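Colleague: Please take a close look at the salt bridges in this model. I would like to know which residues pair up, and how buried or exposed the partners are.

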Amino acid sequence: MSRFFSAPVLAVATVLALAAPASAAPADFARTFGGDGVVRVEGAGGPSFSPEASARLALGPHDEIFVLYSNPAPCPGNPSECTINLAVARYNADGTRDPSYGVGPGSELTVHQNPLAHEFQLAVGPDGKPVVAALSAGTMLLARFDLAGHLDGTFGTGGVIQGGFPGGILSEPAVAIQSDGKIVAGAESSHEATSSNLLLARFLPNGERDSSFGKGGEVVLAEATRSWPAGILLGTGGTISVPSPRCCGGSPLFGNGISFARFLPNGQPDPGLGGSGQVVVPTPGAQGTVEGAALAPDGGVVIAFEEEGAGFSAVGNVIKLGGNGAVDTGFGAGGRVRLFKRVGAVSPSAIAVDSKGRIVGVGWDGRMVVFRLRADGGADRTFNGGQRLVTEFGGNQEAPLGIALQSSGRIVALGETSCCGPKQFALIGLRGGTDRSRCLGRRATIVGTQGRDEITGTPRRDVIAALGGRDTVRGLSGADMICGGKGRDKLLGGPGRDKIRQ
């Protein structure tokens with residue numbers, strides 16, 4: 001039997017009882033993903049990897065999941081001349097592994113780099129073929145794998161393109177694949193010693209340079225900050241956007257800020273962005289370390305970065321620029337959100353934006369965490385009550401590596417164990433999507449999870465739905481509606497005429 005309590009002003013209602021089960025919420029582990037929301041990544045040697053290994057995440061055209069991982073070879077000599085082998089594992093959309101993929105000769109790509117540098121990235125084309133961009137022996141290397149997970153002989157030479165880029169390559173490359181199958185790769189280049197240069201090159205599906213892009217298939221843009229790309233973002237109209245720096249914005253050689261550049265489909269700077277195709281967002285007195293970026297449905301771009309400077313430690317930030325490059329003052333506080341004020345202290349590592357403009361990010365607070373913001377930068381209280389969610393998978397000092405959104409709205413995050421012995425990687429599946437929980441006939445504005453939660457309301461009127469677990473819910477001021485869930489909950493009203501159901 002449901003029980004209702006009307007809490008008068010300044011009264012507190014406390015209830016301990018069982019209630020009917022509630023449906024899963026966006027921050028809950030997706031039980032249809034790997035059985036419990038966690039999938040251990042397996043390479044050729046099983047689920048254990050070298051302590052120096054790392055991994056990258058990308059989705060295919062049918063929500064299949066690709067994980068690029070490294071296997072460093074023994075290297076007693078110069079670290080920059082070490083050899084690492086890169087391979088790709090494929091998982092179905094529900095997290096089940098494809099055991100036939102990437103098996104046997106031709107399933108590994110060999111590159112030369114420091115095994116601790118982890119300078120490689122992954123993208124998957126509309127044909128389902130993964131493309132790897134990696135730094136190798138001081139230049140950029142591109143490789144494509146076929147549908148069976150072997151190097152694709154129809155691309156470049158034996159599936160590989162290497163060299164031929166102006167100047168030296170100074171950074172981890174970035175890569176993206178257009179809807180027509182053309183491949184865009186970028187990195188920082190020392191083409192001109194007196195400035196920092198962003199190099200972009202575009203290739204046809206067979207690996208040849210695309211002569212319709214820039215000059216001979218490439219574009220070099222001098223930037224006011226360091227030009228390590230934090231990603232390549234492909235717009236619906238064929239535009240190509242690149243946020244940077246990935247690091248080093250506080251260097252005395254460069255300005256303190258974040259560069260954002262956008263190019264037309266032919267490689268020319270897009271004058272619709274700041275009049276010149278490039279804008280710089282200042283981070284006065286601090287280094288702006290770009291960690292991730294994503295395009296928003298309204299044509300803007302969302303950028304996550306760490307701000308570091310003298311006298312304070314790293315602070316996680318998210319900013320939003322409009323389509324014209326101006327700061328979107330309707331986002332957060334004047335265009336910026338400091339994560340510790342919204343979801344708790346988080347060092348962001350990667351972000352994605354869903355079809356409703358909500359920002360989903362993965363980061364670190366000593367543990368691997370996932371968070372979600374509303375499209376306006378406000379805390380999304382339908383996701384773990386508005387707080388960061390710890391996504392433990394049973395490892396030691398788990399750390400984030402990437403995040404992606406499937407077409408169903410499911411959130412897929414990639415994490416690693418970063419301590420103590422052989423490394424392991426895991427895919428985390430969260431339900432995501434839009435919550436439809438209700439309380440006393442009203443749609444819930446604050447929603448917990450099926451686990452044990454501590455939920456605090458706002459000074460406004462809230463409709464709070466605690467789901468499974470032994471939850472503690474505290475309403476603040478306002479005439480709140482609070483509903484318990486399946487578990488022995490402690491429901492506390494606040495100053496206001498609250499309605500409480502357990």
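Modeller: What follows goes through the salt bridges pair by pair, then turns to a charged patch and one loop residue. Keep in mind that this is a predicted model.

The structure holds 18 salt bridges. Take Glu172 and Arg56. They form one of these bridges, and their closest N and O atoms lie 4.0 Å apart. This pair links distant parts of the chain, with the two positions 116 residues apart. Glu172 sits in the loop between strand E10 (160–162) and strand E11 (174–177), while Arg56 belongs to strand E3 (residues 55–59). Are the partners buried or exposed? Glu172 has a relative accessible area of 11%, so it counts as buried. Arg56 is buried as well, at 10%. The cut-off for buried is under 20% relative accessible area.

Next, Glu218 and Arg209. Their salt bridge has its closest N and O atoms 2.7 Å apart. Glu218 is buried, with a relative accessible area of 17%. Arg209 is partly exposed, because its relative accessible area is 27%.

Glu307 and Arg338 also meet through their side chains, in a salt bridge of 3.5 Å from N to O. Here too the pair links distant parts of the chain, 31 residues apart. Glu307 lies in strand E20 (residues 301–309), and Arg338 in strand E22 (residues 336–338). Glu307 is buried, with a relative accessible area of 5%. Arg338 is partly exposed, at 32%. Shared partners matter elsewhere: salt bridges join Lys129, Arg144 and Asp152 into one network.

Now the charges on the surface. Which residues make up the positive patch? Lys356, Arg431, Arg436, Arg438 and Arg443 gather there. Patch members have no salt bridge. Among them, Arg431 is found in the loop between strand E29 (425–430) and strand E30 (438–439). With a relative accessible area of 33%, Arg431 is partly exposed.

Last, another loop residue. Ala479 is placed between strand E35 (472–474) and strand E36 (481–483). Its relative accessibility is 31%, so Ala479 counts as partly exposed. What does Ala479 touch, leaving aside neighbours within four places in sequence? Ala479 is in contact with Arg461, Asp462, Arg497 and Asp498. Leu200 lies elsewhere: the C-alpha atoms of Ala479 and Leu200 are separated by 56 Å, and the two residues are 279 residues apart along the chain.

Technical notes: Residues are numbered from 1 along each chain as its sequence is written. This is a predicted model: local features need pLDDT of at least 70, side-chain atom pairs count only at pLDDT 80 or more; totals for chains, interfaces and linings use all residues. Side-chain values use heavy atoms; hydrogens and water are left out. Patches are made of residues with over 30% relative accessible area and no salt bridge: like charges are joined within 9 Å, nonpolar side chains (Val, Leu, Ile, Met, Phe, Trp, Tyr) within 5 Å. Accessible areas come from the Shrake-Rupley method with a 1.4 Å probe; for residues, only the protein chains shown count as cover. Lys and Arg count as positive and Asp and Glu as negative; His and the chain ends are not counted. The place of a charge is taken as NZ of Lys, CZ of Arg, CG of Asp or CD of Glu. Helices (H or I, at least four residues) and strands (E, at least two) are DSSP runs, numbered from the N terminus. Buried means under 20% relative accessible area, exposed over 50%, partly exposed in between (1.4 Å probe, protein chains only). Contact means heavy atoms within 4.5 Å.
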